[in-house]
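Me: I have a structure open and have never looked at it before. Can you walk me through it?

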Amino acid sequence: LKREQVNKILDSLPTPGESIHIVSNGSFDYFTIVVKLIKLMDTTGINFYFSTWTMSHAHVMTILEMYDAGTFANVNALTGEYFRSREAAVYHILDNGLASRGQKLFCNKNHSKVTILEKDPFFIVVEGSANYTANPRIENWVLSNSPELVNFHKDWFNELINKKYP
């Protein structure tokens with residue numbers, strides 16, 4: 001049902017320089033949008049960056065499966081300390097899963113929600129209010145196709161991640 005709702009509102013990627021604004025009614029979650037964007041990109045080897053305060057077990061497993069399938073060339077993740085302490089088992093699955101695959105996770109006082117899906121000619125950024133959970137609330141997102149915005153967000157992601165991975 002979540003995919004059906006996203007399919008009704010999102011049938012193409014934003015064009016270069018375009019931003020699409022979405023406000024949900026709680027009928028789908030953030031990660032359902034991310035998966036739809038990946039399908040619309042119709043490619044593998046995507047540079048994947050994501051930032052979330054907390055996340056669900058199902059989304060962790062999907063990310064690891066997508067990496068193993070070649071959908072992602074790399075994964076760079078930022079999460080909140082709340083996730084590590086409140087959902088310790090799920091956090092450790094993500095941490096160990098990414099580490100065993102040579103991918104990066106940095107946990108700190110993070111509450112930002114940003115996703116980057118990058119593989120030329122696609123420079124997709126999703127900014128919004130939702131976490132990577134199945135959250136039945138009104139949420140907002142801005143989907144943009146902009147290499148400048150990708151670079152802006154990658155700069156601060158990498159600055160944080162490089163504290164752990166110098």
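Reply: What follows goes through the sheet, some single residues and a pocket.

Me: Before that, what kind of model is this, and how are residues numbered?

Reply: This is a predicted model, where local features need pLDDT of at least 70 and side-chain atom pairs count only at pLDDT 80 or more, while totals for chains, interfaces and linings use all residues. Residues are numbered from 1 along each chain as its sequence is written, and side-chain values use heavy atoms, with hydrogens and water left out.

Me: OK, the sheet. In what order do the strands come?

Reply: The order is 1-7-6-5-2-3-4, in an open sheet of seven strands with mixed pairing. Strands (E, at least two residues) and helices (H or I, at least four) are DSSP runs numbered from the N terminus. Two strands pair if DSSP finds at least two bridges between them.

Me: Which strands are at the edges?

Reply: Strand 1 (19-23) and strand 4 (104-108), each of which pairs on one side only.

Me: And how much are neighbouring strands turned against each other?

Reply: By 10° on average, direction ignored. The axes behind that angle are lines fitted to C-alpha atoms (for helices, over the stretch in contact), and angles run from 0 to 180 degrees between N-to-C directions.

Me: Let's pick strand 5. What does it pair with?

Reply: Strand 2 (residues 46-52) runs antiparallel to strand 5 and is joined to it by five bridges. Strand 6 (residues 122-128) also pairs with strand 5 in the antiparallel sense, over six bridges.

Me: Which residues face each other there?

Reply: Towards strand 2, N47 stands opposite E118, and Y49 has I116 as its bridge partner. Towards strand 6, T115 stands opposite V126.

Me: Why call strand 5 largely enclosed?

Reply: Because five of the six residues of strand 5 (residues 114-119) are buried. Buried means under 20% relative accessible area, exposed over 50%, and partly exposed in between, with a 1.4 Å probe and protein chains only.

Me: How do side chains sit in a strand, as a rule?

Reply: In a regular strand they alternate between the two faces of the sheet.

Me: What joins strand 5 to strand 6?

Reply: A hairpin, through two residues. P121 lies in that loop, and a cis peptide bond links D120 and P121, with omega at about 15°.

Me: Any other unusual backbone spot? What about D42?

Reply: D42 is not a glycine, yet its phi is positive, about 50°. D42 sits in the loop between helix 2 and strand 2. At 68% relative accessible area, D42 is exposed.

Me: Back to strands for a second. Is S144 buried or exposed?

Reply: S144 is buried, at a relative accessible area of 4%. It lies in strand 7 (residues 140-145), and its side chain makes a polar contact of 2.8 Å with the side chain of S19. A polar contact is a pair of N or O atoms within 3.5 Å; within protein, one must be able to donate a hydrogen and the other to accept it, and residues adjacent in sequence count only if both atoms are side-chain atoms.

Me: And N76, buried or exposed?

Reply: N76 counts as buried, at 6% relative accessibility. Strand 3 (residues 72-80) holds N76, and a polar contact of 3.2 Å joins its side chain to that of N74.

Me: Now helices. What about R86?

Reply: R86 is in helix 4 (residues 81-86) and is exposed, with a relative accessible area of 55%. Its side chain has a polar contact of 2.5 Å with the side chain of Y82.

Me: Last topic: the largest pocket. What lines it?

Reply: The lining is K2, R3, D29, F31, T32, V35, K39, A58, H59 and T62. Two or more of the lining residues come from each of helix 1 (2-9), helix 2 (30-41) and helix 3 (57-68). Helix 2 gives the most, with four residues.

Me: What counts as a pocket here, and what is the volume?

Reply: On a 1 Å grid over the protein atoms alone, a pocket is an open set of points with protein on both sides within 12 Å along at least five of seven lines, whereas a cavity is a set where a 1.4 Å probe fits but cannot get out; lining residues have an atom within 4 Å of a point. The volume of the largest pocket is about 180 Å³, taken as the space filled by probe spheres set on the points, with grid points joined across faces, edges and corners.
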